[in-house]
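Please open the structure in a viewer and keep the selection tool at hand. The tour below proceeds stop by stop, naming what to select and what is to be found there.

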Amino acid sequence: MDEKPLSKSATQLSPWATVVERTFADQSGVTRGPFHSLQQHDYVSVLALTEDQHVVLVRQYRPALEKTTLELPGGLLDSDVTPADCAQIELLEESGYRPTQPLELLGCLDPDTGRLENRYWAFFAPSVIKVDDWKPELGIDPMTMAKNEFLAAVADGEFITALHITLVGLARLKGRI
């Protein structure tokens with residue numbers, strides 16, 4: 001059953017993140033909380049395959065983890081573009097690839113129902129090609145990996161970005177990879 005908050009306040013930390021605090025009352029009137037969540041832009045990622053069945057990936061340093069990660073191309077959804085347009089923009093900006101056909105939305109998911117208020121848009125690009133005049137984005141190292149090697153990296157724990165593994169799982173369940 002849905003409950004309405006007794007109180008709700010928001011503290012903006014940056015242009016990208018706002019902390020929200022809520023208190024609730026249960027059915028007997030007992031106050032519960034405070035509960036905290038984080039408002040931020042929706043996430044968008046794309047699992048893209050080259051014509052020779054290589055997965056497009058990016059390496060980048062993540063300050064929150066204090067390490068370099070291997071990820072699918074993606075980013076935060078700006079309010080002035082659609083999720084599909086954002087996925088195409090991020091794919092091109094981060095990797096230098098563009099889709100040869102429309103992206104397929106595999107799912108729009110809640111990334112963390114306990115703490116995050118945003119959504120995760122998961123796209124699949126069955127065929128992408130390299131753009132000739134592309135210039136790399138500072139701090140991002142694009143690469144490709146053969147599909148079978150990539151799936152082994154996921155299974156072996158070498159590729160560990162949870163939301164991106166969810167996208168891979170959706171693609172497997174839907175018979176795309």
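The tour begins with a pair of strands in this predicted model. Select S1 and S2: the two run antiparallel and are joined by seven bridges. Within this pair, Ser7 lies opposite Thr23 of S2.

Next, add S3 to the selection. The three strands form an open sheet in the order S1-S2-S3, and their pairing is antiparallel. Strand S1 (7-14) and strand S3 (31-39) are the edges; each has a single partner strand, so one side of each remains without a neighbour in the sheet. On average, neighbouring strands here are turned by 15 degrees against each other, if direction is ignored.

Remain in this sheet and select Arg22, a residue of strand S2 (residues 17-25). Is Arg22 buried or exposed? Its relative accessibility is 18%, and Arg22 therefore counts as buried. Display the side chains, and a polar contact appears between that of Arg22 and that of Ser37, at 3.0 Å. Beyond its neighbours within four places in sequence, Arg22 is in contact with several residues, including Pro5, Ser7, Lys8, Phe35 and Glu117.

**The pairings of S5**

Now move to strand S5 (residues 54-62) and strand S11 (residues 140-146), which run antiparallel and are joined by seven bridges. His54 can serve as a landmark, for it stands opposite Ala146 in S11. S5 also pairs with S6 in the antiparallel sense, over five bridges. To find this second pairing, select Arg59, whose bridge partner in S6 is Leu70. S5 and S6 form a hairpin with four residues between the strands, and in this hairpin Glu66 adopts a positive phi near 55 degrees.

**Helix H3**

Select residues 162-173, which make up helix H3. This helix has 12 residues and reaches 16 Å from its first C-alpha to its last, close to the 16 Å expected at 1.5 Å a residue. Which residues of H3 are buried? They are His164, Leu167, Val168, Leu170 and Ala171. Looking down the axis of H3, one finds these buried residues within an arc of 160 degrees, so they line one face of the helix. An α-helix has 3.6 residues a turn, so residues three or four places apart point the same way. On the other side of H3, Ala162 and Leu173 are exposed.

To see what covers the buried residues of H3, add strand S4 (43-50), strand S6 (67-71), strand S9 (104-109), strand S10 (120-130) and helix H2 (147-155), which are among the covering elements. S6, the hairpin partner of S5, thus appears again at this stop. After H3 comes Gly175, whose phi is positive, near 70 degrees.

**The whole chain**

Finally, clear the selection and view the protein chain in full. How many helices and strands does the chain have? Its secondary structure comes to three helices and 11 strands. Read from the N terminus on, the elements follow the sequence β-β-β-β-β-β-β-α-β-β-β-β-α-α. The C-alpha atoms fill a box of roughly 60 × 35 × 30 Å along the principal axes. Of the 177 residues in the chain, 37% count as buried. Among contacts with a separation of 6 or more, 58% are accounted for by residues 24 or more positions apart.

Methods: Residues numbered from 1 in each chain as written. Predicted model: local features only at pLDDT ≥ 70, side-chain atom pairs only at ≥ 80, totals over all residues. Heavy atoms only, no water. Buried < 20%, exposed > 50% of the residue type's maximum accessible area, 1.4 Å probe, protein only. Polar contact = N/O pair within 3.5 Å; in protein donor to acceptor, adjacent residues only side chain to side chain. Contact = heavy atoms within 4.5 Å. Expected span 1.5 Å × (residues − 1). Arc of directions from axis to C-beta. Pairing = 2+ DSSP bridges. Axes fitted to C-alpha atoms, helices over the stretch in contact; angles between N-to-C directions.
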